[in-house]
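Colleague: I am new to this structure and would like to go through it in short questions. Please show it first.

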Amino acid sequence: MGKPLNLIRGVNMKRIDDLKNVKTAAIGGHMRPDGDCVCSCLALYHYLKKELPGARVDVYLEEPPAPFHVLEGIEDIKSEFNTDETYDVFFALDCNDERLGDALPVFRRAKRRVNIDHHISNTGCGDVNIIETEKSSTAELLYELMEPELVDEAIAKAVYVGIAHDTGVFRYSNTSPRTMQIAAELLKFGFDFSKLIEETFYEKTYFQTQIMGRAILGSVRFMDDRCIVSMVSRRMMEFYCVGPKDLDGIVNYLQGVRGVDCAIFMYETGTLEYKVSMRSNGSVNVAEVAVKFGGGGHVRAAGCTMNGTYHDNINNLSREIAAQLGWESTRRTSKTQQ
Ligand code: AMP
Ligand code: MN
Ligand code: MN
């Protein structure tokens, strides 16, 4: 048995207890929002509307990927950030303030800032910080903060999809017994979970499938095949009519190659600028690598943005990865042995 439920909820609710007088609340998440981010924002949106019936609740997020349009409330998300509004409270979810993008000034201006996240690299950017790194997802963490009687089907769906996305559909090691317990509680609402996961997680457009194939075909192994890397350029994205949102999942596929400890995937975001995604089987702490280059994440999944040529970026990343793996090239080893 884990910790008694009501105790966790009691303690955490106390930390954000002074929400009673809130008239305007805003919710935001990270740039290029993923499933956990979109769903956490929606879950909290539905929840706050019930918990604070007199308040106006706004959600600020970059346009969510198309498959999430099956979720209730998605149409209320504001992707236009230039507002002068000073909110009574702003919730930053699934990230620290640096990744809020254009919503950052709105967050900074808010009278009270709450940061709810599960990233190991997040030191907390709010007046109230609820950072629990053992949680699979921000969606799971939020669910633990909610009063059970206020959870309805729309919230349940959002929490379920959020957890499913950050756990690779309950596959990654961040899935705990409690995660499964929560999933079971959520399924009792009776929604079609199978269809939801198929539509938001597995289904890909033809072009998404093509670019994934192209990226896999172009992948290269190095460091005695313990690492694998692939890159998608802006020209490739133009050719296949895809954008950054269409590249999700490629890095996980690379990590699935037998014998690979660490997978790196990059796509070009500008001149000599790449968004880097890393995954590991646990033998490399990729969050530590990402933090060295101004990013962050989790031990097994992390990311950052890097400037420089593709090859320079690989060199810089592999230096850090090699140090963690205690790997030395045969050439270097034989030289030192001479
Ligand atoms: P991604 O590779 O973008 O799917 O991200 C993997 C994990 O690392 C996710 O939990 C992200 O939220 C996190 N992450 C990615 N990029 C960054 C960044 N620049 N700073 C902090 N965390 C990041
Ligand atoms: Mn996220
Ligand atoms: Mn997350």
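Modeller: This is a predicted model. A place to start is the shell around ligand 1, to which β9 (273-280), β10 (296-297) and β11 (301-307) each supply at least two residues.

Colleague: Which strand gives the largest share of the shell around ligand 1?

Modeller: Three strands, β9, β10 and β11, each bring at least two residues to the shell. The largest share is four residues, and the strand that supplies it is β11.

Colleague: How many residues surround ligand 1, and which are the closest?

Modeller: By character, the shell divides into three nonpolar, seven polar and three charged residues. Residues around ligand 1 number 13, and the closest are Arg99, His119, Lys275, Ser277 and Arg279.

Colleague: How many Å separate a polar side-chain atom of His119 from an oxygen atom of ligand 1?

Modeller: His119 is among the closest residues to ligand 1. A polar contact needs N or O atoms within 3.5 Å. From the polar side-chain atom of His119 to the ligand oxygen, the distance is 2.7 Å.

Colleague: What share of the area of ligand 1 does the protein bury?

Modeller: Arg279 also places a polar side-chain atom 2.8 Å from an oxygen atom of ligand 1. Gly296 uses a backbone N or O atom, 3.2 Å from a nitrogen atom of the ligand. Taken alone, ligand 1 exposes 480 Å², and the share buried by the protein is 82%.

Colleague: Turning to the helices, are α2 and α5 roughly parallel or antiparallel?

Modeller: The axes of α2 (residues 35-51) and α5 (residues 153-166) come within 8 Å and cross at roughly 160 degrees. The crossing of α2 past α5 is left-handed. Angles over 145 degrees count as roughly antiparallel. The two helices are therefore roughly antiparallel.

Colleague: How is α4 oriented relative to α6?

Modeller: α4 (residues 138-145) passes α6 (residues 177-187) in a left-handed crossing. Their axes come within 11 Å and cross at roughly 70 degrees. That makes the orientation of α4 to α6 roughly perpendicular.

How values were computed
Residues are numbered from 1 along each chain as its sequence is written. Chains are lettered from A and ligands numbered from 1 in the order in which they are written. This is a predicted model: local features need pLDDT of at least 70, side-chain atom pairs count only at pLDDT 80 or more; totals for chains, interfaces and linings use all residues. Side-chain values use heavy atoms; hydrogens and water are left out. A residue is near a molecule or strand if one of its heavy atoms lies within 4 Å of it. A polar contact is a pair of N or O atoms within 3.5 Å; within protein, one must be able to donate a hydrogen and the other to accept it, and residues adjacent in sequence count only if both atoms are side-chain atoms. Accessible areas come from the Shrake-Rupley method with a 1.4 Å probe; for residues, only the protein chains shown count as cover. Ala, Val, Leu, Ile, Met, Phe, Trp, Tyr, Cys and Pro count as nonpolar, Asp, Glu, Lys and Arg as charged, and the others, Gly among them, as polar. Axes are lines fitted to C-alpha atoms, for helices over the stretch in contact, and angles run from 0 to 180 degrees between N-to-C directions. Angles under 35 degrees count as roughly parallel, over 145 as roughly antiparallel, 65 to 115 as roughly perpendicular and the rest as oblique. A crossing is left-handed if the near helix is turned anticlockwise from the far one by less than a right angle, and right-handed if clockwise.
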